Amino acid sequence: MCITSHNKKLKVGTFMKVKKIAMGVTAVLASSMLLVACGNNDSGSKDKSKSDSKQTATVSKDAKKDGTLTDGTYKLEEKNYDHDYRVSFDIKVKDGKITESNYDYLNKDGKKKSEDAGYEKAMKAKSGVGPKEYIKQLNDSLVKEQAASKVEAVSGATHSSDAFANYANQLIQAAQRGDTSTIEIDNGAKLKDGKYSLEEKNYAHNYRVVFNIEVKDGKIATSDYNYVTKDGKKKSEDADYEKAMKSKTGVGPKEYIPTLNKELEKKQSADVDTVSGATESSKAFQLYADQLINAAQKGDTKKIEVYNFVEAE
């Protein structure tokens, strides 16, 4: 049995919310422009940018199912304006590699936040960094590292870094499926009641992630994140795995899996603490939780299938 803190080597764009720079907590800039470090989750007034619509998959005939990226352009857009801006993000894949990352915020006139001199000045005075710097840094880092998990949060723009990781992860998944339809994010929307599920399709060290949440009265009522074998056996109930991992890292799936699930139910946010000794599992949990929350914002109960890349074992 090969034991690591996550028991797999995945390239699924996972990204840890780094607690030392207060991940997920961004001060609102007290300016006349109501500036914030990013504009995807704040509670300010929001305008619909387009009417609700069903998304249809547009899958390339060259798409694979082994987790490698299919060449093409993959797009994601937030639907709602927050403090006059919404995210527009696309990546380009050529020869199986991300060659371009174009993440920015647009206003109704199509002006980019990275080119907004007034916003740059106000935010930089408040947090030490502005969109001209942090947006370029995030885009460049994704192209260089080829995985959202390796893109470090930008100090002073942690909320934007968090959003970037979530959205980059979803675009990478689209490239793994070869699905070029635009991903729509109903940012700021209340969660719709229902059951939402996500599953990895490929097994690593005999396990794959299966993640379900249920929303009742607009709140996450239950979170059920685990790893399962082909026989449906849960990692949290695998005594041998528990013993081996705990002796190596000090924690096993019997402890860290329930901890992550309870934290999501308690915080109603993917900004959960990373479990020491299970950092990779915590990263995967955070990103997948963000994605399920986005699905619940849209009320999209279709199962999310992740064609996770598994390195040779």
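In this predicted model, the hairpin of S8 and S9 makes its turn with two residues between the strands, and Asp-217 takes a positive phi there, near 55 degrees. On either side of that turn, S8 and S9 pair up in the antiparallel sense, with nine bridges between them. One of the facing pairs is Val-215 with Ile-220 in S9.

Now for the other neighbour of S8. Strand S7 (residues 194-200) is joined to S8 (residues 208-216) by six bridges, and these two strands also run antiparallel. Here Val-215 turns up again, standing opposite Gly-194. Further along, Ser-197 has Asn-212 in S8 as its bridge partner. Strands like these are held together through backbone hydrogen bonds, and the pairing can be either parallel or antiparallel.

Zooming out, the hairpin belongs to an open sheet of four strands, laid out in the order S9-S8-S7-S10, with mixed pairing. Strand S9 (219-228) and strand S10 (304-306) sit at the edges; each has a single partner strand, so one side of each goes without a neighbour in the sheet. On average, neighbouring strands of the sheet are turned by 10 degrees against each other, ignoring direction.

The sheet has helices lying across it. Helix H6 (residues 279-298) lies across S7, S8, S9 and S10, running at about 140 degrees to S7. Helix H5 (residues 253-267) lies across S8 and S9, and its direction is about 160 degrees from that of S9. So how much of S8 is buried? Seven of its nine residues are, which leaves the strand mostly covered.

H5 deserves a look of its own. The helix has 15 residues and reaches 21 Å from its first C-alpha to its last, close to the 21 Å expected at 1.5 Å a residue. Its buried residues are Pro-253, Tyr-256, Ile-257, Leu-260, Asn-261, Glu-263 and Leu-264. They might look scattered when read off as a list, but they cover an arc of only 160 degrees around the axis, so they end up on the same side of H5. What covers them includes S8, S9, helix H4 (239-249) and H6. And which residues are exposed on the other side of H5? Lys-254, Lys-262 and Lys-266 are. Just after the helix comes another positive phi, this time at Gln-268, with a value of about 55 degrees.

How values were computed:
Residues numbered from 1 in each chain as written. Predicted model: local features only at pLDDT ≥ 70, side-chain atom pairs only at ≥ 80, totals over all residues. Heavy atoms only, no water. Pairing = 2+ DSSP bridges. Axes fitted to C-alpha atoms, helices over the stretch in contact; angles between N-to-C directions. Contact = heavy atoms within 4.5 Å. Buried < 20%, exposed > 50% of the residue type's maximum accessible area, 1.4 Å probe, protein only. Expected span 1.5 Å × (residues − 1). Arc of directions from axis to C-beta.
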